[in-house]
Amino acid sequence: MALPFTPLYIDGKWRTSGSDVTFEVRNPGSGKVVGTAASASAEDCAAACKAAAQAFKTWEHTPLSVRRDVMLKAADILASKKDKVIAATIEETASTEEWAWTNFAFAINQLRDVAAMTTLLKGETGQSVIPGGQVFVQRRAIGVIFSIVPWNAAVTLAIRAIAVPIICGNTVILRSSEICPRTQAIIVEVMEEAGLPVGVLSCISTSREDAPARTAEIIANPVVRKINFTGSDVVGRVIAREAAKYLKPCVLELGGKSPAVVLDDADIPRAARAIASSALLNSGQVCMSTERVIVQKEVADELLKHLGDLFRHVEAGDPKPGVSSRIGAMFDVGSVTNAISMIKDAVDHGAEVLAGDVQSQGATMQPHLLWKVKPGMRLWERETFAPVVIVNVVETIEEAVELANTTDYSLAASVWTRDVYRAFDVTGRIRACMANINGPTVHAESLGEFGGLGGATGYGTFSVDDWTQLRTVVLHPEQEPAYPLVGRVRE
């Protein structure tokens, strides 16, 4: 049986690479080849840019009701492709069935929420400073957007990178992840079937080796106006530097090192379950994963016991359908090696392992729980993107807040307490874009903006403000004024 092949999608056509180059897609857990994909050439990228620029001329002026209906139809079509999407996600990313389903289900509502964003695409009007004049502030699309998406939440993050710019009137060139090109091509297929006009969306895939050159070429293309990237801060800095050469803005959602602050009056069993869930979902490969726990000493022993039991209960290995206590492989052996190295470095500097064997099994590692990890250690400073949690014990709330903010990351946080006043006080002092009171850090809302506040988490959001520009039109009064220098010149 032939392996699935994922082509490029450019100017409304599914096609092979102009150079006929392909690359293999391997399941991270088994190492088996599960498909092949076209690796775009420089000419393919130029063609995608040209198609997007041409389509923008008309798409920008498409009625909002038409854009809305495309998104609503896409949601229904996506829902009908459940088995296809989930199967591709599991095959390409070694995801558990539970995570694949969560990612898929959220995406359907995500498209409907994006459709509702048309109600926000409004301008303003007011009087001019010139008597009798009128000012019109229009909210307009930006142009061609280059969207670079990751693999860890393959469906939702691809839809976000596509749908939000498009609903705002932009056109998009999507660069899918080399880890899961087939999964993300299904999203493009959905948008095509929903009636998205030719050229509004193109999708290219590239091999890991070709990705830097193709990415730089698209960023440099004069028709590309803005870039969005979701991934590591290491690659995000490269993208930002490349875009800066041409003074092009970016939206960058990068890493996370989310803290969970557990106060002395918290519901400890519930907090432990939420922390373990947010730490271990998708083997910790979620930007919002709980990686740091800061707990007041009065409840530290109880929390550590509950967390230790939960971490030892969850097993990493080949995910089995219906077994929720299993997590799958990480996306490559290098990720495991890096996480184990960070754990060993922390242990060498005084940290203690409470759960986990500090071993790797190919691209798989067991959940790890450590304490006595301090600022300055690599395990404190850097995102592991792995099933690893560190615990710090403090005496006061002030210490807890200070430790929560001792990081270059700013994506998400959680605070656990039965006192609502303390909850709002503490969340207000933690520098995080989304703070959850008595809830997990892995959480998303359709309302509200979500993104980094700078630093290693990046900046910008997927809101109307980030994907439109305000332009001003001034209607001058009918009666001619006396212009400076020339006055009122009469013929």
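Is Glu-60 buried or exposed? Select Glu-60 in the viewer, bearing in mind that the whole model is predicted, and you will find that this residue counts as buried, because its relative accessibility is 12%, where the cut-off for buried is under 20%.

**Salt bridges across the chain**

Keep Glu-60 selected and add Arg-140, since the two form a salt bridge in which the closest N and O atoms are 2.9 Å apart. Glu-60 lies in the loop between helix H1 (42–59) and helix H2 (64–80), while Arg-140 belongs to strand S7 (residues 134–141), so the pair ties together parts that are 80 residues apart in sequence. Arg-140 is partly exposed, with a relative accessible area of 23%.

Next, select Glu-193 and Lys-81, whose salt bridge has its closest N and O atoms 3.3 Å apart. Here Glu-193 sits in helix H6 (residues 181–193) and Lys-81 in the loop between H2 and helix H3 (82–93), so parts that are 112 residues apart in sequence are tied together by this pair. Glu-193 is partly exposed at 39% relative accessible area, whereas Lys-81 counts as buried at 13%.

A further pair to display is Arg-208 with Asp-332, whose side chains meet in a salt bridge of 3.9 Å, N to O. These residues link distant parts of the chain, 124 residues apart, with Arg-208 in the loop between strand S10 (201–204) and helix H7 (211–220), and Asp-332 in the loop between strand S16 (326–327) and helix H11 (333–348). If you then add Lys-84 and Glu-189 to Lys-81 and Glu-193, you will have in view one network, joined by salt bridges that share partners. In the whole structure, a search finds 27 salt bridges.

**Aromatic rings**

Turn now to the rings, of which the structure holds 5 aromatic pairs. Select Trp-101 and Phe-104, which form a tilted pair, 5.8 Å from centre to centre and with 40° between the planes. Both are in helix H4 (residues 97–116), and because they are 3 residues apart there, about one helical turn separates them. Which of these two is buried? Phe-104 is buried, with a relative accessible area of 1%, while Trp-101 counts as partly exposed at 43% relative accessibility.

Move on to Trp-151 and Phe-385, whose ring centres are 6.3 Å apart and whose planes stand at 85°, so the pair is edge-to-face. Trp-151 lies in the loop between strand S8 (144–148) and helix H5 (154–167), and Phe-385 in the loop between helix H12 (378–381) and strand S19 (388–394), so this pair ties together parts that are 234 residues apart in sequence. Adding Phe-331 to the selection completes one aromatic cluster with Trp-151 and Phe-385.

Two charged residues over rings are also worth displaying: Lys-248 lies over the face of Tyr-246, at 5.6 Å from the ring centre, and Arg-292 lies over the face of Trp-380, at 5.1 Å from the ring centre.

**A sheet and a last residue**

Colour strands S1, S5 and S4, which form an open sheet in that order with mixed pairing. S1 (5–6) and S4 (22–26) stand at the edges with a single partner strand each, so one side of each is left without a neighbour in the sheet. S4 runs antiparallel to S5 (residues 33–38), and 5 bridges join them; look for Arg-26, which stands opposite Val-33 in S5.

Finish at Leu-475 in strand S24 (residues 468–475), which counts as exposed at 52% relative accessibility. Its C-alpha atom is separated by 6.3 Å from that of Val-135, although the two residues are 340 residues apart along the chain.

Technical notes: Residues numbered from 1 in each chain as written. Predicted model: local features only at pLDDT ≥ 70, side-chain atom pairs only at ≥ 80, totals over all residues. Heavy atoms only, no water. Helix = DSSP H or I, 4+ residues; strand = E, 2+ residues; numbered from the N terminus. Buried < 20%, exposed > 50% of the residue type's maximum accessible area, 1.4 Å probe, protein only. Pairing = 2+ DSSP bridges. Phe/Tyr/Trp six-rings, centres within 6.5 Å; stacked < 30°, edge-to-face > 60°. Lys NZ or Arg CZ within 6 Å of the ring centre and 35° of its normal. Salt bridge = Lys/Arg side-chain N within 4 Å of Asp/Glu carboxyl O.
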